[in-house]
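I am opening a notebook on this structure. My entries record what I looked up, one topic at a time.

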There are 4 protein chains.
Amino acid sequence: MSKRTQILNASETVLATYGFYAFSMQHVAEAAEVAIGTIYRYFANKEALLCELNKFIREDAAAKLFNGWQDSLSAKEKYDLVWENAFHCVLSTPKRLTLIEMLHFVPNMHQTEINLFEDQTFKRLFDFYQQGIDSKRFLDWDLFALFSVSFDTSIALAKQVIRGRYEPNQTELKKVRDASWAIIQNPDFNQQD
Amino acid sequence: MSKRTQILNASETVLATYGFYAFSMQHVAEAAEVAIGTIYRYFANKEALLCELNKFIREDAAAKLFNGWQDSLSAKEKYDLVWENAFHCVLSTPKRLTLIEMLHFVPNMHQTEINLFEDQTFKRLFDFYQQGIDSKRFLDWDLFALFSVSFDTSIALAKQVIRGRYEPNQTELKKVRDASWAIIQNPDFNQQD
Amino acid sequence: MSKRTQILNASETVLATYGFYAFSMQHVAEAAEVAIGTIYRYFANKEALLCELNKFIREDAAAKLFNGWQDSLSAKEKYDLVWENAFHCVLSTPKRLTLIEMLHFVPNMHQTEINLFEDQTFKRLFDFYQQGIDSKRFLDWDLFALFSVSFDTSIALAKQVIRGRYEPNQTELKKVRDASWAIIQNPDFNQQD
Amino acid sequence: MSKRTQILNASETVLATYGFYAFSMQHVAEAAEVAIGTIYRYFANKEALLCELNKFIREDAAAKLFNGWQDSLSAKEKYDLVWENAFHCVLSTPKRLTLIEMLHFVPNMHQTEINLFEDQTFKRLFDFYQQGIDSKRFLDWDLFALFSVSFDTSIALAKQVIRGRYEPNQTELKKVRDASWAIIQNPDFNQQD
DNA sequence: AATGAATGAGAATTCATTCAT
DNA sequence: AATGAATGAATTCTCATTCAT
C-alpha cells in the first residue's frame with residue numbers, strides 16, 4: 001500500500017475514533033506509522049488532507065455500494081443488491097456517515113463540488129432511478145423524493161442498528177427492503193405486467 | 001434571555017458556522033457578546049459546554065417536533081404533524097443534524113446516556129408507534145424498522161433539500177408523507193375499517 | 001514600561017544578538033520575560049512584530065539624532081549637533097544599522113512605505129539641507145548628493161569604529177566633521193560673508 | 001560553471017530575493033537546479049555554505065572593485081576608477097551590502113577573520129591610501145578617517161540611488177567624486193605641485 | 001458577577017539533514 | 001556523483017483556562 005493510502009486510511013481511523021475534536025496530524029502520523037513530515041510530502045496541509053480523505057471515502061463507499069452489480073440483473077435484483085450493500089456498508093464502517101457529514105465543515109469544501117463528485121460516483125444509481133421514472137415503472141415523482149422513501153430507508157435502518165436500537169434480522173430486513181421497493185412502484189405500470 | 005442561554009445559542013451558531021474546526025471559546029464569547037471569563041461562570045469547561053449544548057439542542061428539537069400536538073388529534077393527523085414538523089425543523093436549522101452527529105465525539109458523551117435522553121424527549125413518538133403496533137394498526141415489525149420507512153423519510157427528504165438536490169413542493173411533499181404513512185399500515189387491520 | 005515596549009526592546013536585543021538566523025518568538029519571549037502567547041496579544045504575527053520594530057527603531061533613532069536641537073542654533077551648530085549625534089548613536093547601538101538593513105527583507109515591508117516614514121522622521125534634517133541649497137549657502141547639488149559627502153560621513157566613520165579599524169579621537173573627529181561641512185559650502189556664497 | 005559555483009550563485013540570488021527569512025536549502029536547490037542532496041556533497045551544511053558564500057561574494061566584489069586597475073595609472077585615475085567601480089558595483093547588486101552585513105550573523109563567522117580576509121582583498125586600496133598618507137599627498141589623518149570622507153561617499157551615494165532618493169547623473173557624479181578626492185588632499189603638498 | 005490580560009501546553013507546519021537507490 | 005523521499009526537531013501560532021481587578 002502506498003504511503004499516501006496509508007495516511008488516508010490512518011486519517012479515517014483517527015477521525016472515526018476521535019472526531020475533529022482531537023484530529024491532529026500527530027495522531028494521524030502515529031496511526032499511519034510515518035513521520036509527521038511525511039504527511040506534508042503528500043498533502044499540502046491539514047485541510048488538503050481532509051479534502052482528499054473526503055474523496056477517498058466517497059470513492060470507497062461507491063465501490064462497495066455497487067459491489068456485485070451486473071447489467072444483466074433485473075431491476076429488482078439491482079435494487080436489492082444496492083439496498084443491501086448500502087445497509088452493510090453503513091454497518092461495517094459505522095462512523096463513516098458522520099465523517100461524511102463532518103467533512104462538510106472543512107473550509108473550502110463546497111456543496112456544489114461535493115454534489116458534482118457524488119453525481120459521478122452515484123451516477124449508476126441515479127441513472128437506475130431515472131430509467132425507472134422514464135419507463136413509468138416507478139411513480140412519477142422527483143428522483144430524490146423517490147430516493148427518500150426507498151434507497152434512503154436502508155441507511156435510516158442501518159443507523160438505528162448503529163444506535164443500538166435495532167437488531168438486524170434477515171427476514172425482517174427483507175420485508176423492509178421489499179416494502180421500500182413496493183412503495184415506489186407505479187401501480188398503473190405493474191397492472192400492465 | 002439568560003446569559004447561559006445566550007452562550008448556548010451562540011455556541012450552536014458558531015458550531016454551525018465553523019464546525020469543530022474553529023469552535024473556540026473566543027468565538028463563542030464574541031458571538032454571545034460576553035467576556036471569555038463569563039463562560040466559565042456557567043460551564044466548567046469546553047467539554048461541559050458541549051455536553052450542555054447537546055441537551056439544549058435536543059430539547060429544542062423535541063419541542064419543535066411536537067409543536068401543535070394534541071391528544072385529541074387522530075392518528076393520521078398526529079403523524080402528519082410530526083412528519084412535517086421534522087421536515088421543517090431540519091430545513092430551518094440545516095446544520096443541526098450534523099451537529100448532533102458531531103457531538104457524539106465529545107469525550108465523555110456516551111451513546112447510552114444519549115439514548116436514555118432521547119428516549120425521554122421522543123417518548124411521545126415512540127409511544128405513538130408502539131400503540132400502533134400493539135393495536136395492530138401498524139405492521140407487526142420492530143418499532144425502529146417501521147421508523148426507517150415512515151418517519152425517517154421526512155428527514156431523508158429534508159436532507160436532499162439541504163443538499164440542493166430537491167426543491168420542496170407542497171403537493172409532492174404530501175404524497176411522500178402519505179406514502180410513508182401508507183407503507184406502515186397493517187392491511188388486515190385497515191380492511192376491518 | 002508597557003508590555004508592548006518590553007517586547008519591542010527584547011526583539012531588538014535578540015535580533016542584534018542572533019540576527020534573523022535565530023530570531024525566534026521563543027527567544028523574544030524569554031528576553032522580554034513574557035509568555036509566547038503574550039507577544040501575540042500585541043502583534044498579529046512575527047512579520048507584524050518586525051514591521052513594528054522597524055518603526056520603533058527608526059523613531060528612537062530620529063529622537064536621538066535631534067537630541068539637543070534648537071531652532072536658535074546657528075547652521076553650523078545644528079550640523080555639528082546632528083553629525084555628532086549620528087556618530088554616537090551608531091556607536092551606542094552598533095548593530096542597529098544592520099538591523100535596519102535586514103528589516104528591508106521582511107515580507108510586505110516596502111521601500112516606498114519606508115521612505116515615507118523616513119521623510120517624516122528625518123524631515124528636520126531634509127529641511128535643513130533644502131534651506132541651505134535654496135539660500136545658496138550650500139552647493140547647488142541634489143540634496144542626497146550633498147548628504148553622501150557630508151552627513152553620511154559620520155555614519156561611515158562610525159562604522160569603521162565598529163569594525164575595530166579606527167579609534168575615535170576627539171580632535172580628529174572634529175576635523176572630519178568640519179571637513180564634511182566645508183565640502184558642501186558654496187564658495188560664492190561664503191565669499192559674500 | 002561548476003556545480004559548486006552554480007550553488008553559490010543560487011545562494012546569493014535566493015538570499016537577495018528572500019533574505020534569511022526564507023533562505024532554505026530547498027530554495028537554493030531549486031534555484032541552482034540541483035537536488036538537495038547535491039548541495040551536501042559540496043558543503044558540509046548550511047552554515048558552511050553561508051561562510052563560503054561570504055568569501056565568494058567578497059572575492060567577487062574585490063575583483064569588480066579593481067577592474068581596470070593598472071599600476072601605470074596616476075593616483076587620481078586610480079581613485080576615480082575605484083570610486084566609480086564601487087559605485088556601479090553597489091548599484092548592480094543592490095542587496096549585496098545588506099547580505100554582507102547579514103552574513104556577520106552566521107554563527108562561527110567572526111569579525112577578526114572577516115577583517116583579515118578584507119585586509120587581503122582590499123589590500124591594494126589600503127596600500128594606495130597609506131602611500132598617499134606617507135607621501136604627504138593626503139591629509140595626515142588616520143587611514144580610515146580619510147576613507148569615510150572619500151571612498152565611502154561612493155557607497156553612501158549609491159545607497160541613496162538604491163533607496164530611490166537620487167537619480168544618478170554623470171556630471172554631478174563626477175562632481176561628488178572629485179569633491180571627495182579634493183577633501184583628502186594635503187593643501188601643503190599640492191602647493192608644491 | 002463580569003472582565004480580559006496573561007499563560008503555556010499543544011497543534012500545524014517547516015526545513016536541515018540523512019540515506020537507500 | 002546525484003537524487004529526493006523520509007525524518008523529526010524546532011518553529012510559529014492557537015486557544016483553553018486562570019486570576020487579579
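I began with chain A and chain C, which do not touch (contact here means heavy atoms within 4.5 Å). Their nearest C-alpha atoms are 20 Å apart. I then looked up chain B and chain D, and that pair does not touch either. For chain B and chain D, the nearest C-alpha atoms are 29 Å apart.

I noted the ground rules. This is a predicted model, where local features need pLDDT of at least 70, side-chain atom pairs count only at pLDDT 80 or more, and totals for chains, interfaces and linings use all residues. Residues are numbered from 1 along each chain as its sequence is written, chains are lettered from A and ligands numbered from 1 in the order written, and side-chain values use heavy atoms, with hydrogens and water left out.

**DNA strand F**

Which residues come nearest to DNA strand F? I found T38(A), R41(A), Y42(A), M25(B) and T38(D), out of 28 residues around the strand. A residue is near a strand if one of its heavy atoms lies within 4 Å of it. By class, I listed 14 nonpolar, eight polar and six charged residues on this surface. Ala, Val, Leu, Ile, Met, Phe, Trp, Tyr, Cys and Pro count as nonpolar, Asp, Glu, Lys and Arg as charged, and the others, Gly among them, as polar.

I checked the strand's side too. Of its atoms within 4 Å of the protein, 70% belong to sugar or phosphate and the rest to bases.

Next came polar contacts to phosphate oxygens of DNA strand F (pairs of N or O atoms within 3.5 Å). A polar backbone atom of A35(A) is 3.2 Å from one. For a polar side-chain atom of Y40(B), the distance is 3.0 Å. For an N or O atom in the side chain of K46(C), I read 2.7 Å. Helix α3 (36-42) of chains A, B, C and D gives two or more residues to this surface in each case. Helices are DSSP runs (H or I, at least four residues), numbered from the N terminus.

**DNA strand E**

I turned to DNA strand E, which 28 residues surround. The closest are T38(B), T38(C), R41(C), Y42(C) and M25(D). M25(D) also has a polar backbone atom 2.6 Å from a phosphate oxygen of this strand.

Two side chains reach phosphate oxygens of DNA strand E as well: K46(A) at 2.7 Å and K3(C) at 3.3 Å. Of the strand's atoms within 4 Å of the protein, 71% belong to sugar or phosphate.

Note on methods:
A polar contact is a pair of N or O atoms within 3.5 Å; within protein, one must be able to donate a hydrogen and the other to accept it, and residues adjacent in sequence count only if both atoms are side-chain atoms.
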